[in-house]
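Dear colleague,

I am passing on the structure that we spoke of, and I would be grateful if you could keep it open while you read the notes beneath it.

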Amino acid sequence: APRAAPPTASSPLEALSAVWGYDAFRGDQAEIIDTVVAGGDALVLMPTGGGKSLCYQIPALVREGTGVVISPLIALMHDQVEALALLGVRAAFLNSTQSAAERRDTEERLLTGEIDLLYLAPERLTAAAGLLDAARIALFAIDEAHCVAQWGHDFRPDYLGLSMLHERWPDVPRIALTATATEATRAEIVTNLDLGDARVFVSSFDRPNIQYRITPKAQARPQLLRLIESYPGEAGIVYCLSRASVERTAEWLAGQGHAALPYHAGLPAQQRAANQSRFLREEGVIMVATIAFGMGIDKPDVRFVAHLDLPKSVEGYYQETGRAGRDGLPSTAWLAYGLQDVVQQRRMIADGEGDAQRKRAQSLHLDAMLALCETVRCRRQQLLAYFGESGAGPCGNCDTCLSPPKSFDGTVPAQKVMSTILRLQRERGQQFGAGHLVDILLGRETERMVKFRHTELSTFGIGTELGDAEWRGVVRQLLAQGLLQVQGEYGVLALTEAAADVLGGRREVMLRIEPERSRAPRAAKAK
Ligand code: ADP
Ligand code: ZN
């Protein structure tokens, strides 16, 4: 029989002050901890930085036995264990990066009751089941629980195997935690992890000190530079979609005299670790990264998070921007996005892996993200409403509150775009991307225009009332509103069913006036 570990702390509050040196619980922490200490299940929805870790770490110390933490963040396990060791907590991990000898050592210490917290990679659970049977388990914590949601934005198949926890160890309390949970994701967590009896704790997802700003992409680099220069010498994160643009952007920022470092999964592990450690330890480092960077990173004084490309979902956007301002001081979440982002993301979904259902889920995620980008409402209200929190008034600390966007009746420009698409398709059997469509509307006699004889189209040159950037803004907003769609491998534009009402004059289209626009169309020819 396993030897039980003696409880390391007698009460949650004692553990909080003796081990962590804090004197009070925050928000729901005390109630969550009491629930788990008493042997009950809990589902915890709390924003990044809200203090989720203590919710399972403290019950693991107070209850007899070892707290087993299932976490997908294998790369961080080592650091997490070391951080706990500094506090005097006996922690260890089991994952695929260890040698057999290291694993055996951890297994022995587990069986002799010398481990308070064991971090376990989800794919190791089945292999470790016999071991866990023989050990004394205080609780199971399922970190990043949204990974179990197949409709979610970060699904990990290994997480489905976690349903065995309840079947195999019905008496061990479970606590599932996540920082990103819409109503739908929450329901999936409950179903897939069999948490029907769990108490659910929902903290507000509002991060009042973060100022949200979403701006059309005109010239991304000078725009980014303006943001960075508004926080001289401060730390920030710049997210890019591709590894190549991470490297280009980091290099360019370095050339501008900023301490910018690249981070993406394609870099050698050593360089990644070195860059991450400089970001954490030095002041004023700007990390230019793919979204591979940031999960589990606890740096309180990140002053800005910039997105140079459109995130794939509101959940992702919220999670990434949530890395700003954990210390509660004023911070900025800034996103620049343009027509090309919309086209590219739609294409990535169409060309990507996964069945029709998966693609539909991805499209819905993108639609919600686009709605947030194009809204004329308070960004924070829209963001919180997405996570099921409504009722608060406009926040006064986002771009739409600070300088309300003006909208205009864009029905006529929308009709011009749509009838150009329609004519090309009906009269010529052709489809084109946004660039060529805008050239037609502006009446540009480009080589392609002449080659395709599009100068003869009746819509050639009918759009000189707007400039190039404005037309691209119109097309982008029509895409975002579901009135146009992107098709095929070249990203050509097509009408949606809803477009018929606009063309027929039965539906008005309201569009935002772009705040940053260039008014100098190249070589526009008046008709
Ligand atoms: P999450 O996992 O929800 O993102 P963490 O557990 O990493 O958040 O906690 C965020 C920060 O807040 C950490 O630095 C943590 O030590 C601190 N913290 C958590 N709970 C408290 C508390 N009750 N009092 C003071 N600081 C706390
Ligand atoms: Zn607002």
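The notes below go from confidence to the ligand, the cores and two individual residues.

This is a predicted model, in which local features need pLDDT of at least 70 and side-chain atom pairs count only at pLDDT 80 or more, while totals for chains, interfaces and linings use all residues. Residues are numbered from 1 along each chain as its sequence is written, and chains are lettered from A and ligands numbered from 1 in the order in which they are written.

On confidence, the protein chain has a mean pLDDT (the predictor's confidence in each residue, from 0 to 100) of 90, with 96% of its residues at 70 or more. Residues 1-6 stay under 50, and the model gives them 17 contacts beyond four places in sequence, a contact being two residues whose C-beta atoms, placed from the backbone, lie within 7 Å. The pLDDT is also below 50 over residues 517-527, a stretch with 28 contacts beyond near neighbours in sequence. For the complex, the predictor gives an ipTM of 0.97 and a pTM of 0.76.

Ligand 1 is surrounded by 13 residues, of which the closest are Tyr-22, Arg-26, Gly-51, Lys-52 and Ser-53; a residue is near the ligand if its C-beta atom, placed from the backbone, lies within 6 Å of it. The shell is made up of four nonpolar, six polar and three charged residues, where Ala, Val, Leu, Ile, Met, Phe, Trp, Tyr, Cys and Pro count as nonpolar, Asp, Glu, Lys and Arg as charged, and the others, Gly among them, as polar.

The largest nonpolar core (buried Ala, Val, Leu, Ile, Met, Phe, Trp, Tyr and Cys residues joined through C-beta atoms within 7 Å) has 83 residues, and Val-238 and Val-475 are among those with the most contacts inside it. Buried means that 20 or more other C-beta atoms lie within 10 Å of a residue's own, exposed 12 or fewer, and partly exposed in between, with C-beta atoms placed from the backbone. A second, separate core of 58 residues includes Tyr-119, Ile-142, Leu-177 and Leu-193.

Glu-251 counts as partly exposed because it has 13 C-beta neighbours inside 10 Å. Its C-alpha lies 8.2 Å from that of Pro-262, eleven residues away in sequence.

Gly-161 is likewise partly exposed, with 15 such neighbours inside 10 Å. Leaving aside neighbours within four places in sequence, Gly-161 is in contact with Pro-122, Leu-125 and Thr-126.

With best wishes
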